[in-house]
Amino acid sequence: MTEITNEELPEEDSFFDHHELSVDPGQRPIRIDKFITDKLAYATRNKVQQSIVSGIVKVNGEVVKANYKTKAGDVITFAMEKSRKETDVIAEEIPLDIRYEDDHLMVVYKPAGMVVHPAHGNWTGTLVNALAFYFNNLPELPGNSGRPGLVHRIDKDTSGLLVIAKSEKAMSHLAKQFFDHSIARTYVALVWGEPEEDEGTIDVPIGRGIKDRKVMQAYPDGETGKSAITHWKVIKRLRYVTLLSCVLETGRTHQIRAHMKYIGHPLFNDAVYGGDQIRKGTQYSKYKAYIQNCFQILPRQALHAKSLGFIHPITEEEIYFEAEMPQDMLSVIEKWENYVKFEK
């Protein structure tokens, strides 16, 4: 058996690993659930079978049942919750901005500055710490220890909507939608400069940076990185900056941030991708002071996860949610509107 890839699933990270396995020549027929369990150290038979029932496991591109027996040359693709890496979560009484909740899932608004889940340097004050308190003893789903209910995440300094699964069935169903790229997600971004066109698509793979593994980089040669597709459209042109709507077809880590840098329009005040420097305008002290004032009002990258749409895992109804832009982004946009208006 050769494992070809082991990549992160949607959005800025997900908590599901995407695996692609090939069956070696001469391999005797084995039930697929046993084959996967034998090959992955952290995979339990129950967890694998749940993934099969959810339609996440495919052989040669086709969904199979648990009793399918692998054959030499088969290519198996599937998603699996990541194995436990951290210690137990500390429940903390942190207010949650709940936009929707039923017996199966919850949609919450995460403010900028809040980390989604505990990790090195951020063991407390996270969304998961808040969820642990809110749900008291919410069962942790298999393979998702320390991250109860999380299917995807957004960056610490990005505001917006997240869906939380409250049952194993809901998580598996939602994970499949992310896996199939059928989740509808729209972001609003303020970027430096003005794109020549009013809309476009960036279809350029993204991967870890060569010099800094924490920074994602676009690889236009296609030989490095993972497929990443971002559709963007101009909402408002403000001469020095532009407000864009971005729709994700894939959900790679820092996808919008890396893609916008690649096309020469980094997010406003994105320190990691060069947006915390003056990218358009003069170097006069008055203009510099104006930009610094904007950065103080919006001390983060100008990115907001505005909408989230998916199929409800139980009712199978299409549901859709929108979240208003936060005040820091609204204030900076208003400042730019006034700046270009009085400059004329």
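How do helix 1 and helix 2 lie to each other, oblique or parallel? The first close-up takes this up, and every view here comes from a predicted model.

**View 1. Helix 1 packs against helix 2.** Helix 1 covers residues 32–39 and helix 2 covers residues 45–53. Two packed helices are described by the angle between their axes and the distance between the axes. Here the angle is about 130 degrees, and the axes are 9 Å apart. An angle over 145 would count as roughly antiparallel, and 65 to 115 as roughly perpendicular; helix 1 and helix 2 are therefore oblique to each other. As for handedness, helix 1 and helix 2 make a right-handed crossing. If you want to find the contact in the model, look on helix 1 for Ile-32, Asp-33, Lys-34, Ile-36 and Thr-37. These meet Arg-45, Val-48, Gln-49 and Ile-52 of helix 2.

**View 2. Lys-39 sits in helix 1.** Is Lys-39 buried or partly exposed? With a relative accessibility of 34%, Lys-39 counts as partly exposed. Leu-21 is 18 residues away from Lys-39 along the chain, and 9.2 Å separates their C-alpha atoms.

**View 3. Strand 9 pairs with strand 15.** Strand 9 runs through residues 184–192 and strand 15 through residues 303–311. The two are antiparallel, and 6 bridges join them. To get your bearings, pick out Val-188, which has His-304 of strand 15 opposite. How much of strand 9 is buried? The strand is mostly covered, with 8 of its 9 residues buried. Arg-185 belongs to strand 9 too. You might look twice at this arginine: its relative accessibility is 5%, and Arg-185 counts as buried. Arg-185 and Lys-306 are separated by 121 residues in sequence, yet their C-alpha atoms are 7.6 Å apart in space.

**View 4. Strand 9 also pairs with strand 14.** Strand 14 takes up residues 241–248, and its antiparallel pairing with strand 9 spans 7 bridges. Two residue pairs help you follow the match. Ala-189 has Leu-244 of strand 14 as its bridge partner, and Trp-192 stands opposite Val-241 in strand 14. Strand 14 is mostly covered as well, since 7 of its 8 residues are buried.

**View 5. Strand 13 and strand 14 form a hairpin.** Strand 13 (residues 229–238) runs antiparallel to strand 14, and 8 bridges join the pair. One bridge to look for has Lys-236 facing its partner Leu-243 in strand 14. What sits between the strands of this hairpin? There are 2 residues there, and in this hairpin Arg-239 takes a positive phi near 65 degrees.

**View 6. Asn-60 and His-181 have positive phi values without being glycines.** Asn-60, with phi near 55 degrees, lies in the loop between strand 3 (58–59) and strand 4 (62–63). Its relative accessible area is 46%, and Asn-60 is partly exposed. His-181 has a phi of about 60 degrees. Look for His-181 in the loop between helix 4 (168–179) and strand 9. At 37% relative accessibility, this histidine counts as partly exposed too.

**View 7. Helix 6 crosses helix 7 at roughly 160 degrees.** Helix 6 spans residues 285–297, helix 7 spans residues 327–343, and their axes come within 9 Å. That angle makes helix 6 roughly antiparallel to helix 7, because angles over 145 count that way. On the helix 6 side, the residues to pick out are Tyr-287, Tyr-290, Ile-291, Asn-293, Cys-294 and Ile-297. They meet Asp-328, Ser-331, Val-332, Lys-335, Trp-336 and Tyr-339 in helix 7.

**View 8. Zooming back out, the protein chain has 7 helices and 16 strands.** Of its 344 residues, 51% count as buried. Among contacts with a separation of 6 or more, 68% come from residues 24 or more positions apart. The accessible surface of the chain is about 16,000 Å², with 49% of that belonging to carbon and sulfur atoms.

Methods: Residues numbered from 1 in each chain as written. Predicted model: local features only at pLDDT ≥ 70, side-chain atom pairs only at ≥ 80, totals over all residues. Heavy atoms only, no water. Helix = DSSP H or I, 4+ residues; strand = E, 2+ residues; numbered from the N terminus. Buried < 20%, exposed > 50% of the residue type's maximum accessible area, 1.4 Å probe, protein only. Contact = heavy atoms within 4.5 Å. Areas by Shrake-Rupley, 256 points an atom, 1.4 Å probe, with all protein chains shown as cover. Pairing = 2+ DSSP bridges. Axes fitted to C-alpha atoms, helices over the stretch in contact; angles between N-to-C directions. Parallel < 35°, antiparallel > 145°, perpendicular 65-115°, else oblique. Left-handed = near helix turned anticlockwise from the far one by under 90°.
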